[in-house]
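Me: I am new to this structure. Could you take me through its features, one at a time?

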Amino acid sequence: MSLEEDSSFDCPYCGSVNALSVDVSAGSKQKFVVDCETCCAPIVVRVYLSGGEVNSVDARRENE
């Protein structure tokens with residue numbers, strides 16, 4: 001079983017798709033800030049896991 005799962009999300013600023021590698025051993029609810037791969041804007045990402053797999057990814061502007 002891999003400890004990482006690949007996912008993606010749309011940037012809430014420019015709409016481009018960003019790749020995301022999630023550490024599934026870090027808990028069922030994770031929150032972190034990443035920069036958009038295209039426009040470099042800061043994005044707050046919340047990841048929800050179930051059964052060791054990404055269930056959903058929520059990406060919002062930093063000041064939302």
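Reply: We will go through strands, core, a buried side chain, cysteines and charged pairs in turn. This is a predicted model, where local features need pLDDT of at least 70, side-chain atom pairs count only at pLDDT 80 or more, and totals for chains, interfaces and linings use all residues. Residues are numbered from 1 along each chain as its sequence is written, and side-chain values use heavy atoms, with hydrogens and water left out.

Me: Start with the strands. How many bridges join β3 to β4?

Reply: First, the terms. Helices (H or I, at least four residues) and strands (E, at least two) are DSSP runs, numbered from the N terminus. Two strands pair if DSSP finds at least two bridges between them. Here, 7 bridges join β3 to β4, and the two run antiparallel. Val-34 stands opposite Ile-43 in β4. The hairpin of β3 and β4 has 6 residues between the strands.

Me: And which way do β4 and β5 run?

Reply: Antiparallel, with 8 bridges joining β4 to β5 (residues 53-61). Ser-50 stands opposite Glu-53 in β5. This hairpin has 2 residues between its strands. Gly-51 sits in the turn, with a positive phi of about 65°.

Me: What about a positive phi outside glycine? Which residue of the β3 and β4 hairpin takes one?

Reply: Most residues other than glycine have a negative phi. Cys-40 has a phi near 65°, which is positive. Cys-40 is found in the loop between β3 (29-35) and β4 (42-50). Its relative accessible area is 52%, so Cys-40 is exposed. The scale runs like this: buried means under 20% relative accessible area, exposed over 50%, partly exposed in between (1.4 Å probe, protein chains only).

Me: Now the inside. How many residues does the largest nonpolar core have?

Reply: In soluble globular proteins, nonpolar side chains tend to be buried together. A nonpolar core is a set of buried Ala, Val, Leu, Ile, Met, Phe, Trp, Tyr and Cys residues joined through side-chain atoms within 4.5 Å. The largest one here has 12 residues, including Phe-9, Leu-20, Ile-43, Val-54 and Ala-59. β2, β4 and β5 each supply at least two residues of this core. β4 gives the most, with 4 residues.

Me: Take one core residue. What is Val-54 in contact with?

Reply: Contact means heavy atoms within 4.5 Å. Leaving aside neighbours within four places in sequence, Val-54 is in contact with Glu-5, Ser-7, Val-22, Val-47, Tyr-48 and Leu-49.

Me: Next, a polar side chain. Is Asn-18 buried or exposed?

Reply: Buried, because its relative accessibility is 1%. Asn-18 is found in strand β2 (residues 17-23).

Me: What does the side chain of Asn-18 reach?

Reply: Look for polar contacts. A polar contact is a pair of N or O atoms within 3.5 Å; within protein, one must be able to donate a hydrogen and the other to accept it, and residues adjacent in sequence count only if both atoms are side-chain atoms. The side chain of Asn-18 reaches the backbone oxygen of Ser-16 at 3.1 Å. A polar atom of that side chain also lies 2.7 Å from the backbone nitrogen of Glu-37. Ser-16 is in the loop between β1 (4-10) and β2. Ser-16 counts as buried, at 18% relative accessibility.

Me: How many disulfides does the count come to?

Reply: A disulfide is a pair of cysteine sulfur atoms within 2.5 Å. By this rule there are 0 disulfides. Cys-11 is in none: the nearest cysteine sulfur, that of Cys-36, is 3.6 Å away. Cys-11 is buried, at 5% relative accessibility.

Me: Why is Cys-40 without a bond to the closest cysteine sulfur?

Reply: The distance is too far for a bond, because the closest cysteine sulfur, in Cys-39, is 6.8 Å from that of Cys-40.

Me: Last, charges. How many salt bridges does a search of the whole structure find?

Reply: Side chains of opposite charge can pair when their charged atoms come close. A salt bridge is a side-chain nitrogen of Lys or Arg within 4 Å of a carboxyl oxygen of Asp or Glu. The search finds 2. Arg-60 meets Asp-58 at 2.7 Å, N to O. Arg-60 also bridges to Glu-64, with the closest N and O atoms 3.7 Å apart. Asp-58, Arg-60 and Glu-64 are thus linked in a network of salt bridges.

Me: Where do these three fall on the accessibility scale?

Reply: Arg-60 is partly exposed at 39%. Asp-58 is partly exposed at 23%. Glu-64 counts as exposed, at 63%.
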